[in-house]
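Let's take a walk through this protein together, one feature at a time. Keep the 3D view open and turn it as you read.

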Amino acid sequence: MFNQFYVFYVGVYILLLQSRIKVSVSSTMMTTTTEESAALQPYFDFDVPRNLTVTVGQTGFLHCRVERLGDKDVAWIRKRDIHILTTGASTYTSDQRFQVLHPEGSVNWTLQIKYPQVRDTGVYECQINTEPKMSLSYTLNVIELRARILGPTDIFVKSDSEITMTCVIQQGPHELGTIFWYKGSTLIEPLAQENELLPSEKRRIIVETDWTDVLTSRLKIKRVVQSDTGNYTCVPTMAKSASVYAHVISGEHPAAMQHNAASKVSHTLLLQTACIICLGEVALVRYLLGKIRLIVRSLSGVNDVR
């Protein structure tokens, strides 16, 4: 009896031991499979710029780098309307300004945006069609730069004196391009208008441009003459243009002209005010006379029949 019980106990113990061994082996195999699967998953290279600022018309590039892609595909999505722009090397939008750049065998999937507009500002996603999907967000900022000419829009200068017009662009990406000056529709080219051998201090027209954080261009005209009167425009390559009108006068000083103009305006306003007061007084007198007439007739018992 004891021997039978002992054999039964040993048998149960062996069965339990085998079951534990199977569970352990199965768990180990599952862990190994999961780790191998994770090791084979694609992943993003985060060491790329993901906040890009460009000016209107300046081509933008959003760089997405995907390692160990395997048989998966990369897509670019515009977040605001969940619009698929590209999948793999194919474009899925009628807007031909968007295109993906992917050299053969490269890990780079770059979204190119040609001629960007302010409306293109927003978030874009680089996606991998894994399960679940993997995505990386990028922010595109498109700004419209505007040039500004310091001072008033109308400039008065005496003949044979000097005038300086300063055009600045105060914000935007590092590359701000350059600035061209026009008088009317004619490009101002100082060296083409004068003897190139003349030293700068003897040239009549000079253009100076400084490339710093603020792009500045100065148009200097020495010994101005009547023919220098006109509309001057600074035209940047990366921004909206700005204009001023220069008036070259002889004889009376601009300040005197402005004073005389102000005096004329004041005189006109004074006359108009006096007329208004006069009209107001006449109306008041008529009103009072009418009231007196009614009172007199009432006292005399005369009916005002009309």
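In this predicted model, four strands make up an open sheet in the order E1-E3-E8-E7, and their pairing is antiparallel. Which strands stand at the edges? They are E1 (43-44) and E7 (98-101): each has a single partner strand, so one side of each is left without a neighbour in the sheet.

Now look at E3 and E8. Strand E3 covers residues 60-67 and strand E8 covers residues 108-113, and six bridges join the two as they run antiparallel. If you'd like one spot to click on, try Gly60, whose bridge partner in E8 is Ile113.

**Another set of strands**

Next, find E17, residues 215-221. Is this strand mostly covered or mostly open? It is mostly covered, with five of its seven residues buried. E17 is joined to E13 by seven bridges, and those two strands run antiparallel. Val168 makes a handy marker here, as its bridge partner in E17 is Thr216.

E17 also pairs with strand E16 (residues 205-210), through six bridges and again antiparallel. Here you can look for Ile206, which stands opposite Lys220 in E17. To get from E16 to E17, the chain makes a hairpin through four residues.

**Some backbone oddities**

Most residues other than glycine have a negative phi, and most peptide bonds are trans. With that in mind, here are three places to check.

The first topic is a peptide bond: the one from Glu131 to Pro132 is cis, and its omega is near 0°. You'll find Pro132 in the loop between strand E9 (122-128) and strand E10 (134-143).

Then there's phi. Tyr115 is not a glycine, yet its phi is positive, near 45°. Tyr115 sits in the loop between E8 and E9. Is Tyr115 buried or exposed? Its relative accessibility is 55%, and the cut-off for exposed is over 50%, so Tyr115 counts as exposed.

Asp160 is another residue other than glycine with a positive phi, in this case near 75°. Look for Asp160 in the loop between strand E12 (154-158) and strand E13 (163-169). Asp160 is exposed too, with a relative accessible area of 59%.

**Empty spaces**

So where is there room inside or along the surface? Rolling a probe the size of a water molecule over the atoms shows where empty space is left. Here are the largest pocket and the largest cavity in a small table.

| Space | Volume | Nonpolar, polar and charged lining residues |
|---|---|---|
| Largest pocket | about 150 Å³ | five nonpolar, three polar, two charged |
| Largest cavity | about 30 Å³ | eight nonpolar, no polar, one charged |

Let's start with the pocket. Its lining is made of Asp73, Val74, Ala75, Ile77, Ile84, Thr87, Gln127, Ile128, Asn129 and Lys133. Strand E4 (74-78), strand E5 (83-87) and E9 are the elements that give two or more residues to this lining. Which of them gives the largest share? That is E4, with three residues.

On to the cavity. A search of the whole structure for cavities of 30 Å³ or more finds one. Around it you can pick out Val157, Ile163, Met165, Ile221, Val224, Asp228, Tyr232, Ala246 and Val248 as the lining. Strands E13 and E19 (242-249) each supply at least two residues of that lining. E13 is worth a second glance, as it is also the strand joined to E17 by seven bridges.

**Rings that pair up**

Finally, how many aromatic pairs does a search of the whole structure find? There are two. One of them is formed by Phe98 and Tyr124, a tilted pair with 6.4 Å centre to centre and 35° between the planes. Phe98 lies in strand E7 and Tyr124 in strand E9, so the pair ties together parts that are 26 residues apart in sequence. Are these two buried or exposed? Both Phe98 and Tyr124 are buried.

These elements have come up before: E7 is an edge strand of the open sheet, while E9 helps to line the largest pocket. Try colouring them in your viewer and going round once more.

Technical notes. Residues numbered from 1 in each chain as written. Predicted model: local features only at pLDDT ≥ 70, side-chain atom pairs only at ≥ 80, totals over all residues. Heavy atoms only, no water. Pairing = 2+ DSSP bridges. Buried < 20%, exposed > 50% of the residue type's maximum accessible area, 1.4 Å probe, protein only. 1 Å grid on protein atoms, 1.4 Å probe; cavity = no way out; pocket = protein on both sides within 12 Å on 5 of 7 lines; lining within 4 Å. Points joined across faces, edges and corners; volume = space filled by probe spheres on them. Nonpolar A, V, L, I, M, F, W, Y, C, P; charged D, E, K, R; others polar. Phe/Tyr/Trp six-rings, centres within 6.5 Å; stacked < 30°, edge-to-face > 60°.
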